[in-house]
Amino acid sequence: MMTLEKFEEAYEVVQKVILQTKLVYSDFYSDLTGNKVYIKPENMQKTGAYKIRGAYYKISTLTDEERNKGLITASAGNHAQGVAYAAKSYGVKAVIVMPTTTPLVKVNRTKAYGAEVILYGDVYDEACSYALRLAEENGYTFIHPFDDLDVATGQGSIAMEIIKELPTVDIILVPIGGGGLASGVSTLVKLLNPNIKVIGVEPAGANCMEVSLKEGHVVTLPKVETIADGTAVKTPGSKIFPYIKENIDEIITIDDNELIGAFLDMLENHKMLAENSGLLTVAALKHLKCKGKKVVPIISGGNMDVITFSSLVQHGLIERGRICTVSVLLPDKPGELTNVSKVIADAQGNIVKLEHNQFVSINRSSAVELIITMETFGHEHKEKIIKALKDNGYNPKSIKPTMIYE
């Protein structure tokens, strides 16, 4: 069982390897929500995520014989790095099975800790089945990323830190994939202070825990579809499920498009890079119906590859109207392009890209299409520029930008 004594032991053990991730008061989110928001930045943790806590504590509980057989696990990336780092600390072999969709940065960092990486399956569940098969064939000791009480106890050390630093915390927001972090945090919180509310946050496209709690037993989703790869789990843990059922007060689900805005907010206001799964709790702040409460969202990780980073930035700018694309028709004669550019410049728009299509009409002199992608200050500014184009005899049509910077 996860007991207070076990949590205290885990807290002491993980101090050997973790970084101290002190709470960060957020003026931005506090003003936005009407609550007092303190970010728990586990994205700044060693290995870039909280997972090192559970992995290291679990491995510390193994016998020398179990460790020396070699360790194996399945992970979408963060638990992989935790196990790889812990295995290196103990001088033992680690084999990590990761889904083929795992971001390259997580694969490379796992290899950098000396682990052998095998890519298998499209989602975590497929990778896990293969890892269990390899464990049986080769005699490896399997370290489950979430459905293990020792692993969950190690993750619960986060709650100990939060309560020590902010004893009067009212609400803790915790992301949920398989449930290891949520079970550890919520169980310890309720042991220390049952009045603290613990809210789990899942991606809407991978809400296995929400469905399981509604049904009263562990449920496997037919599929998962979310950009939050670290929480893309079909089946929650059966061992930790009773703890979730007992100690989680509520579940909030987040659509993928909400993570895009949360990503930009964190980057611009806190200069913090958080991965999509880590942003779940930040996005959930806007869903809280309370005011004046002390709220701690746990930012679970910050391991994001450059391609995903670029995509989120571009989609975020488009969503907020800071990048827009319009199409105008103009006669094919000298000076027309200059006239359009001047109208946009006078309205303080900044042209990023122009595409000139002379073949949109058979009569070139009557209609040539000009597609303009520009930077604006937001939706209101965008509408101001469109009005200016209309006032000058052009008839702009908005179209959704695709790749902005090429």
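# Close-up views of a predicted model

The structure, a predicted model, holds one cavity of 30 Å³ or more. The legends below begin with that cavity and move on to a pocket, two sheets and several salt bridges.

**View A. The largest cavity and its lining.** About 300 Å³ of space lies in the largest cavity. Its lining counts 27 residues, and those closest to the cavity centre are Tyr50, Lys51, Gly177, Gly230 and Thr231. Two elements, helix 5 (78-90) and helix 10 (180-192), give two or more residues each to this lining. Sorted by class, the residues around the largest cavity are 11 nonpolar, 12 polar and four charged. Domain 1 (4-50 + 148-315) and domain 2 (52-142) each contribute at least three residues to the lining of the largest cavity. If you wonder how such space is found, rolling a probe the size of a water molecule over the atoms shows where empty space is left.

**View B. The largest pocket, with its lining residues.** Here the space comes to about 180 Å³. The lining of the largest pocket is made up of Ala76, Pro99, Thr101, Thr102, Asp122, Val123, Tyr124, Val224, Glu225, Thr226, Asp229 and Ala232. By class, six of these lining residues are nonpolar, three are polar and three are charged. Which domains supply at least three residues each to the lining of the largest pocket? They are domain 1 (4-50 + 148-315) and domain 2 (52-142).

**View C. Strand 13 and its two antiparallel partners.** Strand 13 spans residues 368-375 and is mostly covered, with seven of its eight residues buried. Eight bridges pair strand 13 with strand 11 (residues 323-330) in the antiparallel sense. To find your place along this pairing, look for leucine 329, which stands opposite glutamate 369 in strand 13. Strand 12 (residues 350-357) also runs antiparallel to strand 13, and seven bridges join the two. A handy landmark here is isoleucine 351, standing opposite methionine 374 of strand 13. As background for this view, in a regular strand the side chains alternate between the two faces of the sheet.

**View D. A parallel sheet of four strands.** This open sheet has the strand order 5-4-3-6, and its pairing is parallel. Strand 5 (116-119) and strand 6 (141-142) stand at the edges with a single partner strand each, so one side of each has no neighbour in the sheet. At the strand 6 edge, two bridges connect strand 6 to strand 3 (residues 71-74) in the parallel sense. Isoleucine 72 has phenylalanine 142 of strand 6 as its bridge partner.

**View E. A salt bridge between strands 8 and 9.** The model has a count of 18 salt bridges, and this view picks out one of them. The side chains of lysine 197 and glutamate 250 meet with an N to O distance of 3.3 Å. Lysine 197 lies in strand 8 (residues 197-203) and glutamate 250 in strand 9 (residues 250-254), so the pair ties together parts that are 53 residues apart in sequence. Lysine 197 is partly exposed, at 33% relative accessibility. Glutamate 250 is partly exposed too, at 32%.

**View F. Arginine 322 and glutamate 268.** In this salt bridge the closest N and O atoms are 2.8 Å apart. The pair links distant parts of the chain, 54 residues apart: arginine 322 sits in the loop between helix 15 (306-319) and strand 11, while glutamate 268 belongs to helix 13 (residues 256-270). Are the two residues buried or partly exposed? Arginine 322 is partly exposed, with a relative accessible area of 26%, and glutamate 268 is partly exposed at 36%.

**View G. A salt bridge within helix 17, and a network.** Aspartate 391 and lysine 387 meet through their side chains in a salt bridge of 2.9 Å, N to O. These two residues are four apart in helix 17 (residues 379-391), which means that about one helical turn separates them. Both aspartate 391 and lysine 387 are exposed. In a separate group, Lys40, Glu42, Arg53 and Glu161 are joined into one network by salt bridges that share partners. As a general note, side chains of opposite charge can pair when their charged atoms come close.

Notes
Residues are numbered from 1 along each chain as its sequence is written. This is a predicted model: local features need pLDDT of at least 70, side-chain atom pairs count only at pLDDT 80 or more; totals for chains, interfaces and linings use all residues. Side-chain values use heavy atoms; hydrogens and water are left out. On a 1 Å grid over the protein atoms alone, a cavity is a set of points where a 1.4 Å probe fits but cannot get out, and a pocket is an open set with protein on both sides within 12 Å along at least five of seven lines; lining residues have an atom within 4 Å of a point. Grid points are joined across faces, edges and corners, and a volume is the space filled by probe spheres set on the points. Ala, Val, Leu, Ile, Met, Phe, Trp, Tyr, Cys and Pro count as nonpolar, Asp, Glu, Lys and Arg as charged, and the others, Gly among them, as polar. Domain bounds come from an automatic or database domain assignment. Buried means under 20% relative accessible area, exposed over 50%, partly exposed in between (1.4 Å probe, protein chains only). Two strands pair if DSSP finds at least two bridges between them. A salt bridge is a side-chain nitrogen of Lys or Arg within 4 Å of a carboxyl oxygen of Asp or Glu.
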